[in-house]
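Subject: the structure you asked for

Hi,

Here is the structure I promised to hand over. Have it open while you read, and my notes follow underneath.

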Amino acid sequence: MNFLSLFVLVPILMMIGLALAKGMKQIRFVSVLGSAIQLVLAIGLVFLYLNERASGNMEEMLFQASTLWYAPLNIHYAVGVDGISVAMILLTTIVVFAGIFASWKMDPLPKEFFLWLVLLSIGVYGFFISIDLFTMFMFYEIALIPMYLLIGVWGSGRKEYSAMKLTLMLMGGSAFLMVGIFGIYFHSSPEGAYTMNLLEIAKTSIPVDAQMWIFPLTFVGFGVLGAMFPFHTWSPDGHASAPTAVSMLHAGVLMKLGGYGCFRVAIYLMPEAANQLAWIFLILTGISVVYGAYSAIVQTDLKYINAYSSVSHCGLVLFAILMLNQTALTGAVLQMLSHGLMTALFFALIGMIYSRTHTRNIMEMGGLMKIMPFLSVCYVIAGLASLGLPGLSGFVAEMTIFVGSFEHTDIFHRVFTIIACTSIVITAVYILRVVGKLLYGEVQDKHHLALTDATWFERLSAITLIVAVAGLGLAPSWIADMISQSFNSLIERL
């Protein structure tokens, strides 16, 4: 069996184990064991990939395997990874592992909750390893479908409304994407030997006139999941209503499918259209960056603050991708990693605080540093990462993006880069405001004085993510090199 397929097989075995599990102890054992195995596999994949590159293997995609699924349309189960895919898989395993411990006391229906959560992870892993468009789209849908039930059943607040809104908007994006994929398929070969394989399609040039209508469809299709303005409105409501682990996976991993798909499919396969039309989407993503940050300032609900912050940070990912140069593209992937880790940490901590205070309104809380110091210190670290403190992941990612963006010498790109840079200042405003009010303000409810600090499983979840955030911030060069090398073929096409 191909090594990459283990990232799909292990979660499937997890689902079987969960279905057979009896009692909460067995459910937790299967969930922890399965997520730990995935994390070990991802770390092993990183070492295998780096070893292959060090030995001189310059093949565009490593560990490839292909099995014919449907001969009439030439559809294959085709997998392979480059440095970007490896980084995304590692991110996913870290967030899944932390999410399991953040859901340690999930109630009601814990078995069903973890089953749907694992199914979501199968879709994410399959998407990142696929190099066949149909297979990629199939896993993309597998990742989206569980969100409706995970929010609608286990969520809070206006959960039915939020689940339906999220599902309808993301399915709408999928409709654009499906039309774009079939457009690519029917223009994949001038001789009529159509294929869904990304690498084979890249070898043939899609006609420019076809690219001009396929590129917007695919970019918007993926951009909806990346919370691109004006298709972002599902994100704050969905995050606010989702249970803790679902918010962690959705903001930390699932939204990254949007950015990943934009450059893996839209830009990689249609570089001519990307060069001609990028300016349109650059305006929209620039709006996302600033609008999301400004919207976070006026929120009082902790989840809505982080949700609008995610709109801003994910907008920065798409903004960097549209700069179409190697430095900015590398920064985009680093931002996906950084945002995935720190927003998962944010949502984990918000869930832990809410489970104790039973409120997410910052006006109803204060003085938590005295009451729950561990959770408060972790929140400060997450906040500092979000506003780009040197030594943490946010600084590395954002500086790489802005340096890459300034490589353009024309006034249009530089003006929009300066506008995007203002989001750093806005982010500092709402992060410091929340930290000051939530952690150091006056205690608003005397009952909060009796609250307890984090339990061992909550500490393990938070520490796992903090170590990853600090690790990326302090030693970014190895992963940045791995990512940058994977953009060589794309830069040549551009």
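One definition before anything else: helices here are DSSP runs of H or I with at least four residues, strands are runs of E with at least two, and the numbering starts at the N terminus. Keep in mind, too, that this is a predicted model.

With that numbering, A227 sits in the loop that links α9 and α10. A227 is buried, at a relative accessible area of 0%. Its phi is positive, near 60°, and it isn't a glycine. That caught my eye because most residues other than glycine have a negative phi, and most peptide bonds are trans. The loop between α9 and α10 also holds P230, and the peptide bond joining F229 to P230 is cis, with omega at about 5°.

Just along the chain is S235, placed in helix α10 (residues 234-241). Is S235 buried or exposed? S235 is buried, because its relative accessible area is 0% and anything under 20% counts as buried. Leaving out neighbours within four places in sequence, the contacts of S235 are A227, M255, A307 and V311, so that loop alanine turns up again by definition of contact as heavy atoms within 4.5 Å.

Next, a helix pair. In general, two packed helices are described by the angle between their axes and the distance between the axes. For helix α9 (residues 208-225) and helix α12 (residues 256-269), the axes come within 7 Å and cross at roughly 170°. That crossing makes the two helices roughly antiparallel. By class, their contact has ten nonpolar residues, five polar ones and no charged ones. On the α9 side you'll find Q211, F215, T218, F219, F222, G223 and L225, and they meet L257, G258, G261, C262, V265, A266, I267 and L269 of α12.

M270 is in the loop between α12 and α13 (271-297). M270 counts as buried, at 0% relative accessibility. Beyond its neighbours within four places in sequence, M270 touches I184, I206, Q211, I214, F215, T218 and V265. If you want a sense of distance, M270 and L474 lie 204 residues apart in sequence and 36 Å apart in space, C-alpha to C-alpha.

Helix α11 (residues 244-254) is mostly covered, with eleven of its eleven residues buried. Among them are T244, S247 and H250, alongside V246, M248 and L249.

Now the core. Which members of the largest nonpolar core touch the most other members? They are F215, L269 and Y379, out of 189 residues. The biggest contribution comes from helix α15 (residues 326-357), which gives 18 residues. Setting aside neighbours within four places in sequence, Y379 is in contact with L302, F346, L349, I350, I353, V434, V435, L438 and L439. As general background, nonpolar side chains tend to be buried together in soluble globular proteins.

There is a hairpin to look at as well. Strand β1 (residues 62-70) and strand β2 (residues 75-81) run antiparallel and are joined by six bridges. A65 has V79 of β2 as its bridge partner, and T67 stands opposite Y77 in β2. Four residues lie between the strands, and N74 in this hairpin takes a positive phi near 55°. Strand β2 is largely enclosed by the rest of the structure, since six of its seven residues are buried. T67 in strand β1 counts as partly exposed, at 46% relative accessibility. Apart from its neighbours within four places in sequence, T67 is in contact with H76 and Y77. T67 and T195 are 128 residues apart along the chain, and their C-alpha atoms are separated by 13 Å.

Lastly, two exposed residues. H358, in the loop between α15 and α16 (368-371), has a positive phi near 60° and is not a glycine. H358 counts as exposed, at 62% relative accessibility. A54, in helix α2 (residues 24-54), is exposed too, with a relative accessible area of 68%. The C-alpha atoms of A54 and G366 are separated by 52 Å, and these residues are 312 apart along the chain.

Cheers

Methods
Residues are numbered from 1 along each chain as its sequence is written. This is a predicted model: local features need pLDDT of at least 70, side-chain atom pairs count only at pLDDT 80 or more; totals for chains, interfaces and linings use all residues. Side-chain values use heavy atoms; hydrogens and water are left out. A nonpolar core is a set of buried Ala, Val, Leu, Ile, Met, Phe, Trp, Tyr and Cys residues joined through side-chain atoms within 4.5 Å. Buried means under 20% relative accessible area, exposed over 50%, partly exposed in between (1.4 Å probe, protein chains only). Axes are lines fitted to C-alpha atoms, for helices over the stretch in contact, and angles run from 0 to 180 degrees between N-to-C directions. Angles under 35 degrees count as roughly parallel, over 145 as roughly antiparallel, 65 to 115 as roughly perpendicular and the rest as oblique. Ala, Val, Leu, Ile, Met, Phe, Trp, Tyr, Cys and Pro count as nonpolar, Asp, Glu, Lys and Arg as charged, and the others, Gly among them, as polar. Two strands pair if DSSP finds at least two bridges between them.
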